[in-house]
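Here are my notes on this entry, as numbered points. Please read them with the structure open.

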Amino acid sequence: MSKATTRTLRQFYDAMYKALGPQKWWPGESPVEIIVGAILTQNTNWGNVERAIANLREAGLLDWRALHRIETPRLAELIRPAGYFNVKAQRLKNFVEWLCRRHDGDLSQLAKIELGRLREELLSINGVGPETADSILLYALERPSFVVDAYTARILRRHGMTFSGYGALQAIFEDHLPSEVGLFNEYHALMVAVGKHFCRPKARCEACPLRRFMHDETA
DNA sequence: GACCAGGCACATC
DNA sequence: GATGTGCATGGT
């Protein structure tokens with residue numbers, strides 16, 4: 001815990017928010033859609049995920065019972081645009097199977113489970129890693145679990161911060177910010193926006209809202 | 001045609 | 001614990 005880090009993270013947030021405004025995440029309407037999107041977007045452009053979700057909506061599959069019934073190969077065909085479709089179809093099935101078997105197919109039952117334990121349960125599902133678990137917790141279940149990703153890592157490294165592994169990166173935020181769902185929601189979404197539009201691989205940082213916090217222009 | 005995109009599991013060292 | 005590989009589509 002350091003007050004300097006807290007101050008820096010606050011400055012980052014304020015600068016991003018001032019430049020980009022509220023991001024209104026997650027871009028999905030229902031908890032089912034958010035969770036499906038969280039799995040489909042693994043290492044995949046969001047535009048491709050939207051095509052896949054449109055197919056699922058068309059087929060009436062943004063629903064746990066329907067997802068539970070459908071055959072995996074058919075599901076794979078529908079989500080083809082999202083890439084890795086065979087793997088992801090099985091991952092969706094794994095999640096639905098867990099929800100139906102352990103929690104009666106009812107997301108509201110998860111509300112009474114302590115956050116740390118619920119996160120461990122999610123991580124036990126094959127195909128749900130740390131980022132997917134935290135996205136589900138934060139955006140679908142509205143629990144204060146900070147989501148970090150490749151963008152977050154790149155942005156912080158460009159600002160001279162060092163860390164190793166998902167947990168260490170996540171701890172930078174969770175140890176220095178108040179544990180609030182609204183803040184965590186907006187913070188991650190803003191980092192993604194900055195990562196997408198400004199902090200790109202091999203790109204320079206001219207127009208980045210965080211530019212004035214760079215110590216070294218060559219970073 | 002290469003590179004990138006809101007990861008994860010699994011094998012190997 | 002770190003590193004390498006397979007999984008696959010669609011945009012730039």
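1. A convention on residue classes comes first. Ala, Val, Leu, Ile, Met, Phe, Trp, Tyr, Cys and Pro count as nonpolar; Asp, Glu, Lys and Arg count as charged; the others, Gly among them, count as polar. On that basis, the surface near DNA strand B has 11 nonpolar, 11 polar and four charged residues. Bear in mind throughout that this is a predicted model.

2. Staying with DNA strand B: 26 residues lie around this strand. Gln42, Asn43, Gly129, Glu131 and Thr132 come nearest. Which helices supply at least two residues each of this surface? They are H8 and helix H11, residues 181-197. H8 gives the largest share, with four residues.

3. Now DNA strand C. Here 14 residues surround the strand, and the closest are Pro81, Gly83, Tyr84, Asn86 and Val87. Helix H3 (46-58) and helix H6 (85-103) are the elements that give two or more residues to this surface. The largest share is three residues, and it comes from H6. By class, the surface near DNA strand C divides into four nonpolar, nine polar and one charged.

4. Tyr84 deserves a look. Tyr84 is among the residues closest to DNA strand C. Its phi is positive, about 45°, although Tyr84 is not a glycine. Tyr84 sits in the loop between helix H5 (72-78) and H6.

5. A second backbone detail concerns Trp26. The peptide bond from Trp25 to Trp26 is cis, with omega near -5°. Trp26 is placed in the loop between helix H1 (3-20) and H2.

6. On the overall fold, chain A has 11 helices and zero strands. Its radius of gyration is 18 Å, close to the 17 Å that the globule rule gives for 219 residues, so chain A is as compact as a globular protein of that length. Along the principal axes, the C-alpha atoms of chain A fill a box of roughly 55 × 35 × 30 Å.

7. The remaining points turn to helix packing. Two packed helices are described by the angle between their axes and the distance between the axes. Start with helix H2 (residues 31-40) and helix H8 (residues 130-140): their axes come within 9 Å and cross at roughly 160°. Angles over 145 degrees count as roughly antiparallel, and H2 and H8 are therefore roughly antiparallel to each other. The crossing of H2 and H8 is right-handed.

8. What does each side of the H2 and H8 contact contribute? From H2 come Pro31, Ile34, Ile35, Ala38 and Ile39; from H8 come Thr132, Ser135, Ile136, Tyr139 and Ala140. By class, this contact has eight nonpolar, two polar and no charged residues. Note that Thr132 also appears among the residues nearest DNA strand B.

9. H2 also packs on H3. The angle is about 135°, with the axes 10 Å apart. That makes H2 oblique to H3. H2 passes H3 in a right-handed crossing. Glu33, Val36, Gly37 and Leu40 in H2 meet Val49, Ala52, Ile53 and Leu56 in H3. The classes in the contact of H2 with H3 are six nonpolar, one polar and one charged.

10. The H2 and H6 pair is next. Their axes are 10 Å apart, at an angle of about 140°. H2 and H6 are therefore oblique to each other. Their crossing is right-handed. On the H2 side are Ile35, Val36, Ile39 and Leu40, and these meet Lys88, Arg91, Leu92 and Phe95 in H6. By class, the contact of H2 with H6 has six nonpolar, no polar and two charged residues.

11. Some H2 residues recur across these contacts. Ile35 and Ile39 are listed in the contact with H8 and in the contact with H6. Val36 and Leu40 are listed in the contact with H3 and in the contact with H6.

12. Last, how do the partners of H2 relate to the DNA? H8 supplies the largest share of the surface near DNA strand B. H6 supplies the largest share near DNA strand C, and H3 is one of the elements that give two or more residues there.

Technical notes
Residues numbered from 1 in each chain as written. Chains lettered and ligands numbered in written order. Predicted model: local features only at pLDDT ≥ 70, side-chain atom pairs only at ≥ 80, totals over all residues. Axes fitted to C-alpha atoms, helices over the stretch in contact; angles between N-to-C directions. Parallel < 35°, antiparallel > 145°, perpendicular 65-115°, else oblique. Left-handed = near helix turned anticlockwise from the far one by under 90°. Contact = placed C-beta atoms within 7 Å. Near = placed C-beta within 6 Å. Rg over C-alpha atoms; globule rule 2.2 N^0.38 Å.
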